[in-house]
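Subject: The structure for you to look at

Hello,

Here is the structure I promised to pass on. Please open it next to this message, and my notes will follow below.

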Amino acid sequence: LSATTPSTSSGIDPGAGSRSVTGSCNAQVESFLRTASLPSHRAHPLLRSISSALYHSEGFPSLHASSSRRSPGNDSNTIRTPGLPIICRPCFDIGPEGLARAYVEGPNPLAVVLCENRLQAQSDVEEALVHELVHVYDAAVRGFDLSNCDDLARSEVRAAREAECYAPPLSRMTTSIGGIEPSSWWIRRCIKQSAAQATTNIFEVEGKRCVQRVFEKALGDGMPWATNMDDKEKKKDDMCISDR
């Protein structure tokens, strides 16, 4: 996640000759949005909540997906979709986008930027989009301040849990050995490492401490999937993460 619009004042322009890549990225985004519009898709609650929040908030423009080198508003190939702006463009190797596959620009307006030069397969694009949509949901729907270390850490834990560290529930159903569920241990480790790395990219000194401080609370935060946050059994079924 990038909390601010990345600097483009220096560095080699990675966009030269990349229009075919942009086309592929746009097609992958469109494919994701088509499948995510189905109620059975796990990203559906995110998109539904985000669209509702942004459409009813002042200061947010009409929502779209676009391809752009640097100025999405001027792109004549804008594709209208029921979501926030999702922009495919090459990313630089310096600044806040230096290590990112995707990031959120904002806050006025919020937009998801996909680094098309670092995303190849459809699965890569979908994973990156789910990760960033969690951030947008946390900021736009729940009021997280992503410029605050604890709020960012909490959102990074949630995003990692649903994206790069996500595993379908059936794949997590393993036999307990010595009171520890192996898959749950791996998931927790993956989430914590990913969230710490992402938070430290913005908060170099305190990032890891912020993740440690909010980790358990964030791990059990199942919104918007868990409608009853007091129902511990439901959370355990939905998240399939054990604290034993």
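L119 is a good place to start: this residue lies in the loop between β4 and α3. The model is a predicted one, so please read everything here in that light. With a relative accessibility of 5%, under the 20% limit, L119 counts as buried. Leaving out residues up to four places away in sequence, L119 touches R101, L114, D124, V125 and A128.

R101 deserves a look of its own. R101 sits in the loop between β2 and β3, and 18 residues along the chain separate R101 from L119, while their C-alpha atoms are 6.7 Å apart. Unlike L119, which is buried, R101 counts as partly exposed, at 29% relative accessibility. Beyond its neighbours within four places in sequence, R101 is in contact with L114, C115, R118, L119, D124, E127 and A128. One of these partners, E127, is 26 residues from R101 in sequence, with a C-alpha to C-alpha separation of 10.0 Å.

L114 and C115 bring us to strand β4. How many of its residues are buried? The count is 5 of the 5 (residues 111-115), so β4 is largely enclosed by the rest of the structure. Its side chains point two ways: A111, V113 and C115 go to one side, V112 and L114 to the other, and all are buried.

β4 also has strand partners. With β2 (residues 86-89), β4 pairs in the parallel sense over 4 bridges, and there C115 is the bridge partner of R89. With β3 (residues 102-105), the pairing is antiparallel, again over 4 bridges, and V113 in β4 stands opposite Y103. β3 and β4 make up a hairpin, with 5 residues between them.

Next, the packing. The largest nonpolar core has 28 residues, and the ones with the most contacts inside it are V29, F32, L84, I86, L114 and L129. Two or more residues each come from α1 (19-36), α2 (44-55), β2, β3, β4 and α3 (122-140). The biggest share is that of α3, which gives 8 residues to this core. Another core lies apart from it, with 18 residues, including V157, A160, A196 and V214.

What about the aromatic rings? By the rule used, the number of aromatic pairs is 0. Two rings do have a charged residue over the face, though: R42 lies over Y166, 3.8 Å from the ring centre, and K192 lies over F215, 4.5 Å from the ring centre.

Finally, the overall picture. The protein chain has 7 helices and 4 strands, which run α-α-β-β-β-β-α-α-α-α-α from the N terminus on. Of its 244 residues, 47% count as buried. If you take contacts between residues at least 6 apart in sequence, 63% of them join residues at least 24 apart. The chain exposes about 12,100 Å², with carbon and sulfur atoms supplying 53% of that area.

If you have only a few minutes, I would begin with L119 and R101, which touch each other, and then go on to β4, where 5 of the 5 residues are buried.

Best wishes

Note on methods
Residues are numbered from 1 along each chain as its sequence is written. This is a predicted model: local features need pLDDT of at least 70, side-chain atom pairs count only at pLDDT 80 or more; totals for chains, interfaces and linings use all residues. Side-chain values use heavy atoms; hydrogens and water are left out. Rings of Phe, Tyr and Trp (its six-membered ring) pair if their centres lie within 6.5 Å; planes under 30 degrees apart count as stacked, over 60 as edge-to-face and the rest as tilted. A charge sits over a ring if NZ of Lys or CZ of Arg is within 6 Å of the ring centre and within 35 degrees of the ring normal. Buried means under 20% relative accessible area, exposed over 50%, partly exposed in between (1.4 Å probe, protein chains only). Two strands pair if DSSP finds at least two bridges between them. A nonpolar core is a set of buried Ala, Val, Leu, Ile, Met, Phe, Trp, Tyr and Cys residues joined through side-chain atoms within 4.5 Å. Contact means heavy atoms within 4.5 Å. Accessible areas come from the Shrake-Rupley method with a 1.4 Å probe; for residues, only the protein chains shown count as cover.
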